Amino acid sequence: MSDPIEKAVAEVLQSYTYIDSITKSNLSATQAIRDRLQNWDLLVKPQQAFIDKIYPAVLIACLLGLGIAKTLVGLSRGKPVGILIAMCAIVAIIGLVFSQKAVHRSRYGDRFLSNLRNHIPNKGFSLNDVQFPLVVALLSIAILPNDAFADLKSLLTPVSNSGGDGIAVFILPTTK
């Protein structure tokens, strides 16, 4: 295991048992790859991601402010404003949804990834195939046949927690 990312993941695996904690551990070994992808304009740079989140937020805030102002005018004149309040609530919810969405890939990165996915032949892959890791990385484990990869699929399928908050948790097997 000579790859720095493999070494970093192996070190993190020794102290964590949940894949979620591994992905959130912010491995420093991945920073070089992230920088390279940003230089190739496949990923957005942090300042661009910030701008991509701020512009829609400002527009939605202006729309919400206008709706609140019209609601106050309507209330001061004794007019029915129920629909306006409902529309303001919908705009606020849409704004919250957009503000929570992270911006990672650029549009060029989306097109590049889509092009890669479209050029992968629809054939069965085996563990010995040199393209196997790339295909799984691009298309997910869903493309794997159940007969040969049932154990891998069951291992990597999210287990929902009992809290009901929709967070998927992957549990890695521990060896002692």
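Gln-38 lies in helix 3, which spans residues 31-39. In this predicted model, Gln-38 has a relative accessible area of 11% and counts as buried, because the cut-off for that class is under 20%. Setting aside residues up to four places away in sequence, Gln-38 touches Leu-43, Val-44, Lys-45 and Pro-46.

Val-58 belongs to helix 4, residues 46-76. Its relative accessibility is 45%, so Val-58 is classed as partly exposed; that class lies between the 20% limit for buried and the 50% limit for exposed. Val-58 is also part of a nonpolar surface patch, together with Phe-50, Ile-51, Ile-54 and Tyr-55. The accessible area of the patch comes to about 490 Å² in total.

The two residues with a stated relative accessibility are set out below.

| Residue | Helix | Relative accessibility | Class |
|---|---|---|---|
| Gln-38 | helix 3 (residues 31-39) | 11% | buried |
| Val-58 | helix 4 (residues 46-76) | 45% | partly exposed |

Helix 7 covers residues 132-139, and its buried residues are Phe-132, Val-135, Val-136 and Leu-138. Helix 6 (107-118) and helix 8 (146-156) are among the elements that cover these buried residues. Just after helix 7 comes Ser-140, which has a positive phi of about 75°.

The largest nonpolar core consists of five residues: Phe-132, Val-136, Ile-141, Leu-144 and Phe-149. Phe-132 and Val-136 in this core are also among the buried residues of helix 7. Another core member, Ile-141, is in contact with Val-136, Lys-153 and Leu-156 when neighbours within four places in sequence are left out. One of these partners, Val-136, is itself a member of the core.

For the protein as a whole, the model contains eight helices and two strands. Their order from the N terminus is α-α-α-α-α-α-α-α-β-β, with the two strands following the eight helices. The protein has 176 residues, of which 18% count as buried. Its exposed area is about 13,300 Å², and 62% of that is supplied by carbon and sulfur atoms. Of the contacts between residues at least 6 apart in sequence, 42% link residues at least 24 apart.

Notes:
Residues numbered from 1 in each chain as written. Predicted model: local features only at pLDDT ≥ 70, side-chain atom pairs only at ≥ 80, totals over all residues. Heavy atoms only, no water. Core = buried A, V, L, I, M, F, W, Y, C linked by side-chain atoms within 4.5 Å. Buried < 20%, exposed > 50% of the residue type's maximum accessible area, 1.4 Å probe, protein only. Contact = heavy atoms within 4.5 Å. Helix = DSSP H or I, 4+ residues; strand = E, 2+ residues; numbered from the N terminus. Patch = residues over 30% accessible without salt bridge, like charges linked within 9 Å, V, L, I, M, F, W, Y side chains within 5 Å. Areas by Shrake-Rupley, 256 points an atom, 1.4 Å probe, with all protein chains shown as cover. Salt bridge = Lys/Arg side-chain N within 4 Å of Asp/Glu carboxyl O.
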